[in-house]
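Trainee: Could we go through this model together, starting with the ligand and its surroundings?
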Amino acid sequence: MRDSLFIKAAFSDKTERPPVWMMRQAGRFMKEYWEIKNNYSFLEMCKNPEIAADVTMLPVDLLGIDAAILFSDILVTGEAMGGDLSFTQGVGPKFANPVRTKADIDALQTEVGDKLQYVADAIKVIQQRLNGCIPLIGFAGAPFTVMSYLVEGGSSKDFKLTKLLLHNEPELAHQLLAKIAKVTVDYLNMQIDAGVNAVQIFDSWAQALSWDDYTEFSHRYINEIISGLNRKDIPVISFCKGSSVFAPLMAETKPDVISIDWNVDLLDIKKRLPQGIAVQGNLDPHILYADKKVIKDRIHRLFERMRGENGFIFNLGHGIMPDIPFDNVKYAVEVIKEFRY
Ligand SMILES: Cc1c2[nH]c(c1CCC(=O)O)Cc1[nH]c(c(CCC(=O)O)c1C)Cc1[nH]c(c(CCC(=O)O)c1C)Cc1[nH]c(c(C)c1CCC(=O)O)C2
């Protein structure tokens, strides 16, 4: 695996072209996903290792991407801790028992390995199917982002209740974040033991925080997680929306790769990071709605900008939207795979 394009780029080694994978590459934009999804709930799909493997393999087989990502969700840690999680079409994730008081936080469990064993089982099945052809990325949600779902009871536009907890009862917020961080370290180490080749930490909603709050309530726990990983030769990718602002702080936690949103010039931000930290992402996912000529031009523009730089992985600044045409995603992968620095 050390010789795969993806792992080489993640460790900032020279590659002949950028490797490609995309967040939410196994999802609703594919009719083959719906063919499976129509028979199961989303959580049933995650919890059945054979089905999770089938879905993980869709973009490997149909798109020819350079890395697979485990089919699961960032909220399974919250569920394992005691959250009553469901996903409803058109509503998104819901925790029916939101975590808002000291008693709620005290009731959350932190020894949850058994409850997440299905993820280790899925990783083993996926690795058999991949048979060494490309690396498998494992992942977990960052404590702040997972906390926001537990506290709000689902998705939120303004994170009002979560921020109230941070601001009015910071000790309680720290208790909750520390519990999630503990579970997350164990969970990612379990994924590493089960055989993933890289891990990504998703702090999707960090952009909602001020610099001070990000430092106190997010950065600190991501640092704790990354320091606690049995990294061996496993690259660690740190993703947040808002990375164009927070990247210099994110670099302090010593990830191998920082995933960058689309609000900055990628080369400019890479030059501001310490040597040896690779970058991933930066293409606005909306480009994949556009005409093929635009898709090609924008990918080439990004690649020309990064020419001569080691340590660049193609990805979107955020996940693929469900109504992006499959054909456009496939075309983008072809354009990327034909490119040479
Ligand atoms: C915030 C977040 C979640 N989940 C995740 C994040 C972080 C990444 C990001 O910022 O997008 C991460 C995630 N979710 C999923 C993956 C699988 C791997 C992949 O293909 O990227 C990963 C890595 C599958 C999924 N996770 C989910 C789906 C859709 C499930 C369905 O078929 O209904 C998939 C394929 C559900 C989910 N899960 C979550 C939400 C908000 C939703 C609903 C989304 C919506 O309705 O638009 C929480």
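**The ligand and its pocket**

Mentor: Happy to! Keep in mind that this is a predicted model. A good place to begin is that the ligand sits in the largest pocket.

Trainee: Which residues come nearest to the ligand?
Mentor: The shell around the ligand has 23 residues. By class, 14 of them are nonpolar, five polar and four charged. Those that come nearest are Arg 24, Tyr 33, Asp 73, Ser 204 and His 318.

Trainee: How far is an oxygen atom of the ligand from an N or O atom in the side chain of Tyr 33?
Mentor: Let's take the polar contacts in turn, with 3.5 Å as the cut-off. A polar backbone atom of Gln 25 is 3.2 Å from a ligand oxygen, and the side chain of Arg 28 has an N or O atom 2.9 Å from a ligand oxygen. For the side chain of Tyr 33, the distance is 2.6 Å.

Trainee: What share of the ligand's exposed area does the protein bury?
Mentor: Start from the ligand taken alone, which exposes 890 Å². Of that area, the protein buries 88%.

Trainee: Which residues of the UniProt "binding site" annotation are in the lining of the largest pocket?
Mentor: The annotation comes from an unreviewed UniProt entry, and one of the residues it covers is Tyr 149. Checking that set against the lining of the largest pocket gives Arg 24, Gln 25, Ala 26, Gly 27, Arg 28, Asp 73, Tyr 149, Ser 204 and His 318.

Trainee: Where is Ala 26 found in the chain?
Mentor: UniProt lists residues 19-28 under its URO-D domain feature, again in an unreviewed entry. Over residues 19-28 the chain is 0% helix and 0% strand. Ala 26 itself is in the loop between α1 (5-10) and α2 (31-37).

Terms used. Residues are numbered from 1 along each chain as its sequence is written. This is a predicted model: local features need pLDDT of at least 70, side-chain atom pairs count only at pLDDT 80 or more; totals for chains, interfaces and linings use all residues. Side-chain values use heavy atoms; hydrogens and water are left out. A residue is near a molecule or strand if one of its heavy atoms lies within 4 Å of it. A polar contact is a pair of N or O atoms within 3.5 Å; within protein, one must be able to donate a hydrogen and the other to accept it, and residues adjacent in sequence count only if both atoms are side-chain atoms. Accessible areas come from the Shrake-Rupley method with a 1.4 Å probe; for residues, only the protein chains shown count as cover. On a 1 Å grid over the protein atoms alone, a cavity is a set of points where a 1.4 Å probe fits but cannot get out, and a pocket is an open set with protein on both sides within 12 Å along at least five of seven lines; lining residues have an atom within 4 Å of a point. A molecule sits in a cavity or pocket if more than half of its atoms lie within 2 Å of its grid points. Ala, Val, Leu, Ile, Met, Phe, Trp, Tyr, Cys and Pro count as nonpolar, Asp, Glu, Lys and Arg as charged, and the others, Gly among them, as polar. UniProt positions are given in the numbering used here, feature names are shortened, and annotations may be inferred rather than shown by experiment. Helices (H or I, at least four residues) and strands (E, at least two) are DSSP runs, numbered from the N terminus.
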